[in-house]
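Hi,

Here is the structure we talked about, ready for you to open alongside this email. Have a look at it first, and then read on for what turned up.

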Amino acid sequence: MWRRRRILDEFEAIERELDQLIDEFLYGRPMWNPQLECLEPLAYMQETDEKIVVTIDLPFVRKEDIKLDITPNELTVEAQMQKHVAYDRWGTVQRQCRFKTFHKTLKLPVEVVPEMVKARFKEGYLTIELPKKARRFKVKVE
């Protein structure tokens, strides 16, 4: 019974990843917004049995300038850059562009417990550990 449930969970995870890939392929999603001077940082999400671990690349950022907003289903990271990134030539129409902040919102594959989230920032990498909400319950047999 437990093994069947685990296999079904794996298929659901694969289905979610495929849906996300298809959405990104069809609708595209730019990783920058020149009007808001904002870049979307690179991120990597890893899922284990007990938690989700998200690693985000945040160069030119200090720990004090990072803001995390976490709900049971979503993670949002905002960070102010210490050193602004500027391009003299950006795109076909714009001449100059600069970026001051990072912003990224991730939909989480399962519900997490926001009160128990741990975050660590070291050498430009933010690592966030999000414990999964327990799905299993112990039942006392009478």
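Let's start with the cysteines: a search of the whole structure turns up zero disulfides. Bear in mind that this is a predicted model. Why is there no bond between Cys38 and Cys97? The closest cysteine sulfur to that of Cys38 is the one in Cys97, and at 11 Å it is too far away for a bond. To count as a disulfide, the two sulfur atoms would have to be within 2.5 Å. Looking from the other end, Cys97 is in no disulfide either, with the sulfur of Cys38 as its nearest cysteine sulfur. As for the surroundings, Cys38 counts as buried because its relative accessibility is 14%, under the 20% cut-off. Cys97 is buried too, with a relative accessible area of 7%.

Now the sheets. One is an open sheet of five strands, in the order S1-S2-S7-S6-S5, and its pairing is mixed. At its edges are S1 and strand S5 (61-70), each of which pairs on one side only. Inside that order, S2 and S7 run parallel and are joined by two bridges. If you want a spot to zoom in on there, Leu39 stands opposite Phe102 in S7.

The other one I'd point you to is an open sheet of four strands, ordered S3-S4-S9-S8, with antiparallel pairing. Strand S3 (43-47) and strand S8 (118-122) are the edge strands here, each pairing on one side only. From one strand to the next, the twist averages 15°. Strand S4 (residues 51-57) pairs with strand S9 (residues 125-131) over seven bridges, in the antiparallel sense. Among the residues involved, Lys51 has Pro131 as its bridge partner in S9.

While you are in S9, take a look at Thr127, which sits in that strand. Is Thr127 buried or exposed? Its relative accessible area is 15%, so it is buried. Setting aside neighbours within four places in sequence, Thr127 is in contact with Val53, Val54 and Thr55, and also with Lys118, Ala119 and Arg120. The first three of those contacts fall within the range of S4 (residues 51-57), and the other three within that of S8 (118-122).

After S9 the chain carries on, and two residues in that segment are worth a click. Ala134 lies there, and it is exposed, with a relative accessible area of 56%. Its C-alpha atom is 8.4 Å from that of Glu50, although the two residues are 84 apart along the chain. Lys138 also has its place in the segment after S9. With a relative accessible area of 86%, Lys138 is exposed. From Lys138 to Leu108 is 30 residues along the chain, and their C-alpha atoms are separated by 25 Å.

Last item: pockets. How much space lies in the largest pocket? About 1,100 Å³. It is lined by 31 residues, and those closest to its centre are Gln20, Glu24, Met45, Leu106 and Lys107. Several elements contribute to the lining: helix H1 (2-27), strand S1 (32-33), strand S2 (38-39), S3 and strand S7 (97-107) each supply at least two residues. So if you are following on from the sheets, S1, S2 and S7 come from the five-stranded one, while S3 is part of the four-stranded one.

Cheers

Definitions and conventions:
Residues numbered from 1 in each chain as written. Predicted model: local features only at pLDDT ≥ 70, side-chain atom pairs only at ≥ 80, totals over all residues. Heavy atoms only, no water. Pairing = 2+ DSSP bridges. Axes fitted to C-alpha atoms, helices over the stretch in contact; angles between N-to-C directions. Buried < 20%, exposed > 50% of the residue type's maximum accessible area, 1.4 Å probe, protein only. Contact = heavy atoms within 4.5 Å. 1 Å grid on protein atoms, 1.4 Å probe; cavity = no way out; pocket = protein on both sides within 12 Å on 5 of 7 lines; lining within 4 Å. Points joined across faces, edges and corners; volume = space filled by probe spheres on them.
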